[in-house]
Amino acid sequence: MYTTAAVSTEINPEVVQVFLNHIYEFKKGVRQMVLFTADKKYAEFTTRRLSSHRINYLIQPVGNDKINLFFGRKECINAIRLMVTRPLNKLTPEEDFILGAMLGYDICGQCRRYCERKGK
């Protein structure tokens with residue numbers, strides 16, 4: 001049985017499985033780009049794995065304990081480097097829409113979200 005301290009520093013196998021599934025989907029062409037948000041303790045493992053697969057990536061800190069890890073095609077990551085220069089909740093409605101489209105989110109859902117954000 002794990003103690004509370006031990007659990008907080010260990011790698012969660014479910015989180016790793018989600019990450020590895022994202023890599024699988026990317027390599028199979030299901031996705032062109034992925035956004036994986038996780039505790040920063042996963043940064044070393046994830047970037048090492050992406051590097052070993054020669055997958056382009058960008059890490060964006062989220063607060064003190066989390067990261068946004070974008071990975072995918074070089075063209076997409078280059079665009080993210082130019083567009084995502086601040087926290088995601090600070091993106092303009094247009095930037096948010098483009099990001100959602102790049103991530104392959106439901107386009108009608110993105111249109112609704114854009115209209116809601118523009119209406120504020």
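# Exercises on a predicted chain

The protein chain has six helices and three strands. Keep in mind that this is a predicted model. Grab the structure and work through these.

## Exercise 1: The overall picture

Work out in what order the helices and strands follow each other in the protein chain, and what box its C-alpha atoms fill.

**Solution.**

- Step 1. Walk along the sequence and write down each element: you get α-α-β-α-β-β-α-α-α.
- Step 2. Now take the principal axes. Along them, the C-alpha atoms of the protein chain fill a box of roughly 50 × 30 × 25 Å.
- Step 3. Look at burial next: of the 120 residues in the protein chain, 32% are buried.
- Step 4. Turn to the surface. The protein chain exposes about 8,000 Å², and 56% of that is supplied by carbon and sulfur atoms.
- Step 5. Check how the chain meets itself. Among contacts with a separation of 6 or more, 52% come from residues 24 or more positions apart.
- Step 6. Finish with the charges: there are 19 positive and 12 negative side chains. The centres of these two sets lie 5 Å apart.

## Exercise 2: The cysteines

Find out how many disulfides the structure holds, and explain why Cys111 is not bonded to Cys108.

**Solution.**

- Step 1. Recall the idea: a disulfide is a covalent bond between the sulfur atoms of two cysteines.
- Step 2. Set the cut-off: the two sulfur atoms must be within 2.5 Å.
- Step 3. Try Cys111. Its closest cysteine sulfur is in Cys108, 6.0 Å away, so that is too far for a bond.
- Step 4. Try Cys115. The nearest cysteine sulfur belongs to Cys111 and is 6.7 Å away, and Cys115 is in no disulfide.
- Step 5. Give the total: the structure holds zero disulfides.
- Step 6. Add the surroundings. Cys111 is partly exposed at 36% relative accessibility, while Cys115 is exposed, at 52% relative accessible area.

## Exercise 3: Gln60

Decide whether Gln60 is buried or exposed, and find which residue's backbone oxygen lies 2.8 Å from a polar atom of its side chain.

**Solution.**

- Step 1. Locate the residue: Gln60 sits in strand β2, residues 56–62.
- Step 2. Apply the cut-off. Buried means under 20% relative accessible area, and Gln60 has 10%, so Gln60 is buried.
- Step 3. Follow the side chain of Gln60: the backbone oxygen in question is that of Arg86.
- Step 4. List the company. Skipping neighbours within four places in sequence, Gln60 touches Ile67, Asn68, Phe70, Val84, Arg86, Pro87 and Leu88. Arg86 therefore shows up twice in the story of this buried glutamine.

## Exercise 4: Two arginines in loops

Place Arg54 and Arg31 in the chain, and say how exposed each one is.

**Solution.**

- Step 1. Start with Arg54, which belongs to the loop between α3 (43–52) and β2.
- Step 2. With a relative accessible area of 78%, Arg54 is exposed.
- Step 3. Look at its backbone: Arg54 is not a glycine, yet has a positive phi of about 55°.
- Step 4. Move to Arg31, in the loop between α2 and β1. Arg31 is partly exposed, at 26% relative accessible area.
- Step 5. See what Arg31 touches beyond four places in sequence: His22, Glu25, Phe26 and Leu103. With Glu25 there is a polar contact between side chains, at 2.5 Å.
- Step 6. Draw a line from Arg31 to Gly63: they are 32 residues apart in sequence, and their C-alpha atoms are 27 Å apart.

## Exercise 5: Val16 and Phe36

Find which elements hold Val16 and Phe36, and which residues each one contacts outside its sequence neighbourhood of four places.

**Solution.**

- Step 1. Val16 lies in helix α2, residues 13–28, and counts as buried at 16% relative accessibility.
- Step 2. Its contacts outside that neighbourhood are Ile11, Tyr42 and Phe45.
- Step 3. Ten is the spacing to try here: Val16 and Phe26 are 10 residues apart in sequence, with 15 Å between their C-alpha atoms.
- Step 4. Phe36 lies in strand β1, residues 33–39, and is buried at 6% relative accessibility.
- Step 5. Phe36 contacts Val15, Val18, Phe19, His22, Thr46, Ile67, Asn68, Leu69 and Phe71.
- Step 6. Measure out to Arg73: its C-alpha atom is 15 Å from that of Phe36, across 37 residues of chain.

Technical notes. Residues are numbered from 1 along each chain as its sequence is written. This is a predicted model: local features need pLDDT of at least 70, side-chain atom pairs count only at pLDDT 80 or more; totals for chains, interfaces and linings use all residues. Side-chain values use heavy atoms; hydrogens and water are left out. Buried means under 20% relative accessible area, exposed over 50%, partly exposed in between (1.4 Å probe, protein chains only). Contact means heavy atoms within 4.5 Å. Accessible areas come from the Shrake-Rupley method with a 1.4 Å probe; for residues, only the protein chains shown count as cover. Lys and Arg count as positive and Asp and Glu as negative; His and the chain ends are not counted. The place of a charge is taken as NZ of Lys, CZ of Arg, CG of Asp or CD of Glu. A polar contact is a pair of N or O atoms within 3.5 Å; within protein, one must be able to donate a hydrogen and the other to accept it, and residues adjacent in sequence count only if both atoms are side-chain atoms.
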